Amino acid sequence: MIGQTISHYKILEKLGEGGMGVVYKAQDLKLDRPVAVKFLPSYLSASEENKARFVQEARATAALNHPNILNVYDIDEQDGGMFFVMEYIEGKTLRSHIASLKPGEGIPVRQAIDWTIQVAQGLKAAHEKNIVHRDIKSENIMLTKDGLPKIMDFGIAKLKGGTGMTRTGTSLGTLAYMSPEQAQGVPTDHRSDIWSLGVVLYELLTGEVPFRAEHEAGLLYLIVNEEPPPPSAMDKRIPRQIDPVVMKMLAKDRTRRYDTVKDIIGALNDVRNDIEAGSEA
């Protein structure tokens, strides 16, 4: 693939690979700019229904034009395979950033709050357009060189199934962010994104996801049935003021979660103000 020209995109190097496709850095020969090109796996591209659904979702996502959402530039098909083109970012995923820390060490609390608020702002813009991500995880959030988080792969998760997420192409890393309703295969809505963002916030604060198990069945059981310890119980340096926010985002019953990501933004702003007021006292 490297060195080939697909449409007017010259493939330069491989950036990453997962169950939902392979991503390459490429050069847009028409506009003379670097881009990222993601090729969907054959089991998705082979379905006309999936293609139509993906095109519709990609168009809606491209219209969002939000600073915390990765821009989608183009969508095309060649030799029966579907691919889409998005902005190329010099940076790393949130997961990579967390992995670079010492074991059990999280991001500074104020930074974790700021990043979560920014991701929530991107989700807010999407939810207002009736777009649900369904696969929010630290691996799907890019950090620019300036530290700006951008959500990737809007619409891709929807291809995994209309209700929950199929096991095809998933991993324990993805399952760890799955909401209880997704784990049980019942219809999802925007509150599944709220749960997954809660997992990301927990991970930012503690350096660990709230649910961990060696096997898929064990992990799904924990997600559906067990309560994780609050973040401050994992690290005494984490202010207890943030615990209620995280635990409400991770409520098993989605009717007990925040109604909207706008509510999360307000709650996190209140926590940040409280922490800052305490530090100045």
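Reader: In which loop is S100 found?

Author: This is a predicted model, and the helices in it give a way of placing the residue. Helix α3 covers residues 94-99, and helix α4 covers residues 109-127. S100 is found in the loop between α3 and α4.

Reader: Does S100 count as buried or exposed, and at what relative accessibility?

Author: A residue is called exposed when its relative accessible area is over 50%. S100 therefore counts as exposed, with a relative accessibility of 51%.

Reader: How many Å apart in space are S100 and Y177, C-alpha to C-alpha?

Author: Along the sequence, S100 and Y177 are 77 residues apart. In space, taken from C-alpha to C-alpha, the separation of S100 and Y177 is 20 Å.

Reader: E105 is found in the loop between α3 and α4; which residues is E105 in contact with, leaving aside its neighbours within four places in sequence?

Author: E105 counts as partly exposed, at 30% relative accessibility. Its C-alpha lies 8.5 Å from that of D235, although E105 and D235 are 130 residues apart in sequence. Once the neighbours within four places in sequence are left aside, the contacts of E105 are T206 and G207.

Reader: What is the phi of G207, the residue that follows α7?

Author: Helix α7 runs over residues 190-206, and G207 comes after it. The phi of G207 is positive, near 85°.

Reader: How are α4 and α7 oriented to each other, roughly parallel or roughly antiparallel?

Author: Two packed helices are described by the angle between their axes and the distance between the axes. For α4 and α7 the angle is about 165°, and the axes are 10 Å apart. Angles over 145 degrees count as roughly antiparallel. The orientation of α4 and α7 is therefore roughly antiparallel.

Reader: Which residues in α7 does α4 meet?

Author: The crossing of α4 and α7 is right-handed. On the α4 side, the residues that take part are V109, A112, W115, T116, V119, A120, L123 and H127. The residues of this contact divide into 10 nonpolar, 3 polar and 1 charged. In α7, the residues that α4 meets are H190, D193, L197, L201, L204 and L205.

Reader: How many of the 17 residues of α7 are buried?

Author: Helix α7 reaches 25 Å from its first C-alpha to its last, which is close to the 24 Å expected at 1.5 Å a residue. The helix is mostly covered, where buried means a relative accessible area under 20%. Of the 17 residues of α7, the number that are buried is 16.

Reader: R110 is found in helix α4; which residues is R110 in contact with, leaving aside its neighbours within four places in sequence?

Author: R110 is partly exposed, with a relative accessible area of 38%. Between R110 and E276 there are 9.0 Å in space, C-alpha to C-alpha, although they are 166 residues apart in sequence. With neighbours within four places in sequence left aside, R110 is in contact with I275, E276 and S279.

Reader: What phi does S7 have, although it is not a glycine?

Author: S7 lies in the loop between β1 (5-6) and β2 (9-18), and it is partly exposed, with a relative accessible area of 34%. Most residues other than glycine have a negative phi. S7, however, has a positive phi of about 55°.

Reader: Where is D32 found?

Author: D32 is not a glycine, and yet it has a positive phi of about 55°. D32 is also exposed, with a relative accessible area of 61%. It is found in the loop between β3 (21-28) and β4 (33-39).

Reader: What is the relative accessible area of D146?

Author: D146 is found in the loop between β8 (141-144) and β9 (149-151). Its C-alpha is separated by 16 Å from that of I98, with the two residues 48 apart along the chain. D146 is exposed, and its relative accessible area is 77%.

How values were computed: Residues are numbered from 1 along each chain as its sequence is written. This is a predicted model: local features need pLDDT of at least 70, side-chain atom pairs count only at pLDDT 80 or more; totals for chains, interfaces and linings use all residues. Side-chain values use heavy atoms; hydrogens and water are left out. Axes are lines fitted to C-alpha atoms, for helices over the stretch in contact, and angles run from 0 to 180 degrees between N-to-C directions. Helices (H or I, at least four residues) and strands (E, at least two) are DSSP runs, numbered from the N terminus. Angles under 35 degrees count as roughly parallel, over 145 as roughly antiparallel, 65 to 115 as roughly perpendicular and the rest as oblique. A crossing is left-handed if the near helix is turned anticlockwise from the far one by less than a right angle, and right-handed if clockwise. Contact means heavy atoms within 4.5 Å. Ala, Val, Leu, Ile, Met, Phe, Trp, Tyr, Cys and Pro count as nonpolar, Asp, Glu, Lys and Arg as charged, and the others, Gly among them, as polar. The expected span of a helix is 1.5 Å times one less than its number of residues. Buried means under 20% relative accessible area, exposed over 50%, partly exposed in between (1.4 Å probe, protein chains only).
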